[in-house]
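This note is intended for a colleague who is meeting the structure for the first time. Please read the points below alongside the sequence and the model.

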Amino acid sequence: MKLISPIFILLILLTSSSLWATTGYDISINDQGYDLKIEMNFSGHQSMQSLRYAFTSGQVISELSPNVESVSYSASAPEYQALMVVKSFGIKSELLSKCSEVFSEKEWSRTCKLQTDFLDGGKFMVSKSDQVICKKQNEQLATCSFSILGKTRPLKLLGFQILNARSFAVKAKVQALNNFFKLYFFINDHNLSTKRALQFFEHSVIKRSIDEFDREATKILKKEKAYNRSFRLPENR
Amino acid sequence: MIKIFLLLFTFLLVCESANATALTAKFQRELDSKTPTELVKVEALELYQNKDSYPPLLKMLENSKQFFYMNLLSFTCDQVTEKMVSLLETKAKALVDVRLIVNQGFSYLSMPCLKRLKKAGVKITKAKTHASYFINEQQELMIGSQSVARMFFLADGFNGLDRDMMIYAKGALATDAFKDFLSIWINQSKRPESQELKNDIQHLQTMLKNDYQKKIRGHALYARATMGPERLCRFVSLETENFWNEITKINQKQLYFSGVNVEIGDIPVGRTLKEKSLKGMEVHYIGNGRLGGNGELTMVVVEWINDLKSSAFSFLTGLLERFNEWDKSRLERKNQEHYQELKKDANIRVWNYLNFVHYKVWLFDHPGFFIGSANLDESKMGKVSEAGIYCLDAKIHNQLQSVLLKDRSNSSEVK
């Protein structure tokens, strides 16, 4: 009995969804660049193809992200180039990435690398790569993990520096966090409505956390050379 | 001689195996990885042509006890649709949840009709839709390209009205149609956080859960695709052109597709059709020529002409006839440009049906077919919501094959 109880508890823990990281993010910014990690948990039935659609559909991305004008692809999966046209600080930029995907009924992953030698990627970034891995943990739970690594250049306009590299990284990552978590609300609502997703996001604790990150990191990085932050959604949000 | 025979045998074997690509779990997995569609099993699948779709549609409506949802380009009240309109009113008054999504622009053509429905308790929303489907809580779905109007429910394919088709399905396809309907309804709603919508989403979650539990959705069905596929379908409402492209890529010998308009532009499926036609795949497009006119506009003008002939305003018939001829000529020129674009640098055969073809059907050489609302039209891509189904079913495939061959024989070829 004494031996069985710990095993029994371990079995319960192994099948419990709370073993997986809860929804949230970890970010660190320093002179070497930035490292952003995002975890998302989705309850209810989620197929890998509906997850994939939400993260790759140009229409969904541009409806949720006002700074993204369009996303287009050179070919269908698994290997292709993705062209994203964005508008930030009034500047229109074309960002080309090389992507590859792996798909199965229980797992979908995509890795993209920004092509800094082509179009506008190199104007803003020294390097950037991102990876998403989505897994169907069981019939009622799917998880997605994102890892975005990169190094920004200072932001210049007409030859004058507006933001140093660290501060530009903060602004860029605030934008990325906003975009990703709007997608989170869209997917959690069964990909039904970008309108609803935007409303949920606007009133969420996640948005408040991202706004706080923006304020705090901008202030700290004026004097310090590094900044870290973590946020996790409360269990009963 | 033996060498030639062996070569021929190997060649035929390769062709056959290529044809069987669609019937493999591997291909179903590939479709999952490239399109936002999911394989489902349905209990029943029936093809209806022209006016034959009306009685089963009325039966579906009679069967509805909890909800009856419609997503249509157009809804008209006339002497033929009166039976359906009255039944909708009865159902709505009996507190069946009756909802209609109707095309924003087309709704102005039937405002008194929509007002009548609204008064009876039918909830109506307007959207940029070109779809055509009906669903109820019995997991019944009727889908294709018909609107609710006399031109569809009086047509026999030869009487100058809409030559069209609808598919009836019972099963998990209705879950996907329900989700699609809800998505449009929510996006048009002024109160997307209302309790009614929360209940709708809860209902969707229950339907999905039931489908997975019954193993009538998803990868549990892959093996069935290889065992004489029967009633396996995918609901296609997002990125339809991309979906057609994936199926066309594995098609080998023969492909038929049809529609009201075809504007191939530079879309990938257009390039695939052209490339494959040059490599020996027979590609046939069934569309409209001068005899088809301008569809429902021509039909309405002809009705007016016939009504005016025996009236005090018979002097106006000449004017209307001239307008009709001008409109037909205008459209014929436009269509011919598009057909020449379709045939350019390709071996695609284009056919003009003797009446007005309205159905949007794709027939492949494996027992797969698509029926829905979308034309192969670059100018409309992504601008309106569409819906269709792709199914693997030998019985319906055979029916469609003889139907399309018959329509082709009642068409003239565009040179």
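The points that follow treat the contact between the chains and then the aromatic pairs.

1. The reader should bear in mind that the model is predicted. In this model, 24 residues of chain A are in contact with 29 residues of chain B. About 2400 Å² is buried between chain B and chain A, and 56% of that area lies on carbon and sulfur atoms.

2. Between chain B and chain A there is one salt bridge. B:Arg29 forms a salt bridge with A:Glu105, with the closest N and O atoms 3.0 Å apart. On the side of chain B that touches chain A, at least two residues come from each of α2 (25–34), α8 (173–188), α9 (195–213) and α11 (240–250) of chain B. The residues of that side of chain B comprise 10 nonpolar, nine polar and 10 charged.

3. Polar contacts between chain B and chain A number 13 residue pairs, both residues being at pLDDT 80 or more.

4. Over all chains, the structure holds 31 aromatic pairs. The ring centres of B:Phe243 and B:Tyr390 lie 5.3 Å apart with their planes at 65°, so this pair is edge-to-face. The pair links distant parts of the chain, 147 residues apart: B:Phe243 belongs to helix α11 of chain B, and B:Tyr390 to strand β18 (residues 388–392) of chain B.

5. B:Phe243 and B:Tyr390 are both buried. Ring pairs also link these two residues into a cluster with B:Trp244, B:Phe257, B:Tyr285, B:Tyr339, B:Trp362, B:Phe364 and B:Phe370.

How values were computed: Residues numbered from 1 in each chain as written. Chains lettered and ligands numbered in written order. Predicted model: local features only at pLDDT ≥ 70, side-chain atom pairs only at ≥ 80, totals over all residues. Heavy atoms only, no water. Contact = heavy atoms within 4.5 Å. Buried area = accessible area lost by both parts, 1.4 Å probe. Salt bridge = Lys/Arg side-chain N within 4 Å of Asp/Glu carboxyl O. Polar contact = N/O pair within 3.5 Å; in protein donor to acceptor, adjacent residues only side chain to side chain. Helix = DSSP H or I, 4+ residues; strand = E, 2+ residues; numbered from the N terminus. Nonpolar A, V, L, I, M, F, W, Y, C, P; charged D, E, K, R; others polar. Phe/Tyr/Trp six-rings, centres within 6.5 Å; stacked < 30°, edge-to-face > 60°. Buried < 20%, exposed > 50% of the residue type's maximum accessible area, 1.4 Å probe, protein only.
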